[in-house]
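Reader: I should be grateful for a close look at one part of this structure, namely its pockets and the residues around them.

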Amino acid sequence: MVYTLGAAADPATGTGRIHTLITAEGTRVADVNLDSYVADLTANDLRELYRDMTMVRRIDSEGFSLQRQGQLGLWAPVLGQEAAQLGTARALRGDDFVFPSYRELGVVYARGATTSDLVNTWRGERNSTYDPYEINTATMQIIIGAQTLHAVGYAMGIQRDGQDQVAVAYFGDGATSQGDVNEAMVFAASFAAPVIFVCQNNQWAISEPVGVQAAAPIAGRAPGFGIPSVRVDGNDVLACFAAMRWALSQARSGQGPVFIEAVTYRMGPHTTSDDPTKYRDEAELELWRTRDPLTRVEAFLRSIGEFDDAFAAEVAAEADALGADVRAACLSIEKRAPIEVFDHVYAEPHSALDRERAQFAAYLAGFEEDAR
């Protein structure tokens, strides 16, 4: 059966409805399709999600500053997308396996990456960062959409092992224009693989607006592959948590893949090498500032007497301490000798690599001679 959460799929218009549980003003609204998936969550659970989002925002701002100060080669900001990432990631089990793109700072944080892990990817002093098998999260993928194929392959392995874990692929709206993503959905649907596709539609694929690459809501594409989908408010952490729980219940029970489109917004540049003022209107940015994922949770919790200034100060202090840890971790990473870039490229010695190493060593020696 091809369907979307709460409504039949319409091939002409896609899944237009955006499911929301906490509005931009901080009002809790009912959703007959999602409410049951968060019925057990308490105010304290929501406070912890707020804490998570605050921590990730602080890490993000520190990483941005470190790049501007020349300590990191690049940084992919996540400002504005904290709810889409933390809401979905916190719903996962520890033994589920995640395949992130390069912007999933919040997801990697939720999975247990250390402060050193979070900056080392962009400092480039070691190959990779965390051990994927320690936190059940693949290393961040910079090739657009490639991780969706990896996720489906892993999910098919789970299926053949007779286990109930789920693989999750995260990607942006721009990635849905890539062949890899569509091929991944073909395989996932054909083999009923236990995989969840999480598309963070942040409105911009670098300088290309989503309206140019998708005439209808992106979630409407999945039913065409035979994959149920849901379109959720990506700035509503509670709705994102609920949508992921629904998707997990589908995939974990043998019903095959699920597609989530989290409608959110990239508040900053695509990366620190981008200047969004060249292609984005300031009025659009101001509109999305009113939909901030953190302020809506704070407004809701204050309205029910579960958020006060003492809690706000506690979280702010914790975030500042974490920011200091991120900076210290970055500055303490040992600088490797440039020649070490050839280490660990192959498990066994390789003659072609040896020649390249010798050539690069001669190149580096030239700088030493010039210095003398």
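Which strands each supply at least two residues of the lining of the largest pocket?

Author: In this predicted model, the strands in question are S2, spanning 167-172, and S4, spanning 204-205. The pocket to which they contribute holds about 310 Å³ of space. Its lining comprises 23 residues. Those nearest the pocket centre are Tyr-102, Ile-144, Gly-172, Ala-175 and His-270. One of these, Gly-172, carries the number at which strand S2 (167-172) ends. As to chemical class, the lining of the largest pocket contains eleven polar residues, nine nonpolar residues and three charged residues.

The second largest pocket may be described in the like manner. Its volume is about 230 Å³. Tyr-102, already named for its place near the centre of the largest pocket, also appears in the lining of this second pocket. Further lining residues of the second largest pocket include Asn-120, Thr-121, Trp-122 and Gly-124, and among the others are Arg-126, Thr-139, Met-140, Gln-141 and Ile-142. By class, seven residues of this lining are polar, four are nonpolar and one is charged.

A further residue, Thr-20, may be considered beside the pockets. Thr-20 is found in the segment before helix H1, which covers 43-68. Thr-20 counts as buried because its relative accessible area is 19%, and the term applies to values under 20%. Leaving aside residues up to four places away in sequence, Thr-20 touches Val-29, Asp-31, Asp-233, Asp-236 and Ala-239.

Key:
Residues numbered from 1 in each chain as written. Predicted model: local features only at pLDDT ≥ 70, side-chain atom pairs only at ≥ 80, totals over all residues. Heavy atoms only, no water. 1 Å grid on protein atoms, 1.4 Å probe; cavity = no way out; pocket = protein on both sides within 12 Å on 5 of 7 lines; lining within 4 Å. Points joined across faces, edges and corners; volume = space filled by probe spheres on them. Helix = DSSP H or I, 4+ residues; strand = E, 2+ residues; numbered from the N terminus. Nonpolar A, V, L, I, M, F, W, Y, C, P; charged D, E, K, R; others polar. Buried < 20%, exposed > 50% of the residue type's maximum accessible area, 1.4 Å probe, protein only. Contact = heavy atoms within 4.5 Å.
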